[in-house]
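Grab a pencil and let's work through two short exercises on cysteines and nonpolar cores. Try each task yourself before you read its solution.

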Amino acid sequence: MTPVDPTELGAWGRLRDRADGFSPDLRAWFDDDPGRAERFSFEAADLFVDLSKNLLDAALLDDLLEIAAAAGVAERREAMFAGEHVNVTEDRAVLHTALRLPVTASLEVDGQDVVADVHEVLGRVYEFARSVRSGEWTGVTGRPIATVVNIGIGGSDLGPVMAYEALRPHADGPACRFISNIDPTDAATTLEGLDPETTLFIVSSKTFGTLETLTNARLCRSWLLDGLASSDAGEAVRKHFVAVSTALDKVEDFGIDPANAFGFWDWVGGRYSIDSAIGTSLVVAIGPDRFADFLAGMHAMDEHFRTAPAERNVPLLMGLLNVWYTDLLDAQTHAVLPYSQLLHRFPAYLQQLTMESNGKGVRWDGSAVTTDTGEVFWGEPGTNGQHAFYQLIHQGTRLIPADFIAFAEPAYPLTDGDQDVHELFLANFFAQTQALAFGQDHENPARVFTGNRPTTSIMAPALTPSVLGQLIALYEHITFTQGAVWGIDSFDQWGVELGKKLAQELGSAVAGDAETLAAQDSSTRSLIEYYRSRR
Ligand code: F6P
């Protein structure tokens, strides 16, 4: 299907006209319309989402919805959920949503019942996790597992580590650690203090061909075998290594027992894979029941996205607002600011989700995009960010739309004397969006806050496994919506390939091969020479 060029639509023209000399006045908009907060606040599963402090009004939303309709966002959404090959550049279905379908559902794709396949693997992951958690699974010397180390990178790391950190108060299994970077410092420091007898490694790699992950897996295997010098090496690897991959044939070559390998499918993108067997470390940490709640939360958001009317469809509306800011108001970045220390890795997780998905310059038919795409996502938990970079959001010259996320229930209800510290924390959350929206007049120009800086507030009762699942799926569908409007394939990632290829080619130059070194550009050559002269 040829993508629609959104910039040719009448609604886009109207938005462009509005954007020219746009002078929003949130103070007046709220004063003139006492129902504004209610009108622009929505519920999606357990999330309460207040869009009213965004630079929007009813006419603007109508135009955005008209663009979504003309661009075929709903049809593309249906196609994705049905398992059509919407990842056209790789000719693949995109079915992370099938990973969280209940066991009673059915979905046939390319002649295969994917729900049955998903639940078969899920059942094996759950059984494995139960045996590790109960102590039934032991290391080669008979001791139960105390620490699980996930070895993976990108989607095979960011989802597991983010979710583990977020759900720590719900974790009652062995501790988890994560190794991702090929910088040997990562493996060295992560393994520090661990006992090989009680450590289990999960090698997580969709392709089982990623340089970083396989190198780290080999480093960990050596560390294990050195530490268990008296044990049979093959048996030690079988008892201390399991794998998660779509390439199960490669797993056995590493020495991992195929019975301890958990598969998934090419229709699960790496950055969409936390809900597949890639989440095994999380299942071990929080247990199968809570992981099932996590999946149910994702499914609840999927259902909202699939069935809620467009004018109340939260991921759709948030995605369209991002298009408005990025393409018509020239915002280049988008901040995500969780008022929850537990979500400290959430912005990093979202960077892969959004930027690997929508950082594209051609559309799905190969033609050039007609608008800017993929804004830079970034953020840090409040209140740390307040004392670091909020200055620029409040008074800088750039427009930075920001999502604020907070929970009514604290994970740790601590008091400082009579003061409920969570209330102090939430007061900051409310204060920041108020200051950004309404600003402050002052006779001293340095102390003027212009206001009219757009924010979305997302609240939920508590950061439970289900709510975390809802948040992840919310951002997946926001990302989808933006990609669909722009006409891009949000599910490939060719942009990471060239660097990988060049790194392989440069390996021999770094190791001293004169001919390869001589063939490099002068800058790269001199950098490698600098390195070689100091080693
Ligand atoms: O290089 C990017 C990427 O392909 C990501 O999309 C992916 O999540 C990551 O590498 C890891 O890949 P794998 O799971 O195959 O090791």
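A disulfide is a pair of cysteine sulfur atoms within 2.5 Å. Before you start, note that this is a predicted model, where local features need pLDDT of at least 70 and side-chain atom pairs count only at pLDDT 80 or more, while totals for chains, interfaces and linings use all residues. Residues are numbered from 1 along each chain as its sequence is written, and side-chain values use heavy atoms, leaving out hydrogens and water.

**Exercise 1.** Find out why Cys-220 has no bond to Cys-176.

Step 1: Check the distance. The Cys-220 sulfur has its closest cysteine sulfur in Cys-176, 14 Å away, so that's too far for a bond.

Step 2: Count up. By this rule you get zero disulfides.

Step 3: Check burial (buried is under 20% relative accessible area, exposed over 50%, partly exposed in between, using a 1.4 Å probe and protein chains only). Cys-176 is buried at 6%, and Cys-220 is buried at 0%.

**Exercise 2.** Work out where the largest nonpolar core lies.

Step 1: Know the term. A nonpolar core is a set of buried Ala, Val, Leu, Ile, Met, Phe, Trp, Tyr and Cys residues joined through side-chain atoms within 4.5 Å.

Step 2: Meet the members. The largest core has 122 residues, and Trp-267, Trp-324, Phe-346, Leu-468 and Tyr-475 touch the most other members.

Step 3: Place the core. Domain 1 (25-84 + 308-489) and domain 2 (96-290) both give residues to this core, so it lies between them; the domain bounds come from an automatic or database domain assignment.

Step 4: Look elsewhere. Apart from this core lies another, of 23 residues, including Ile-151 and Leu-191.
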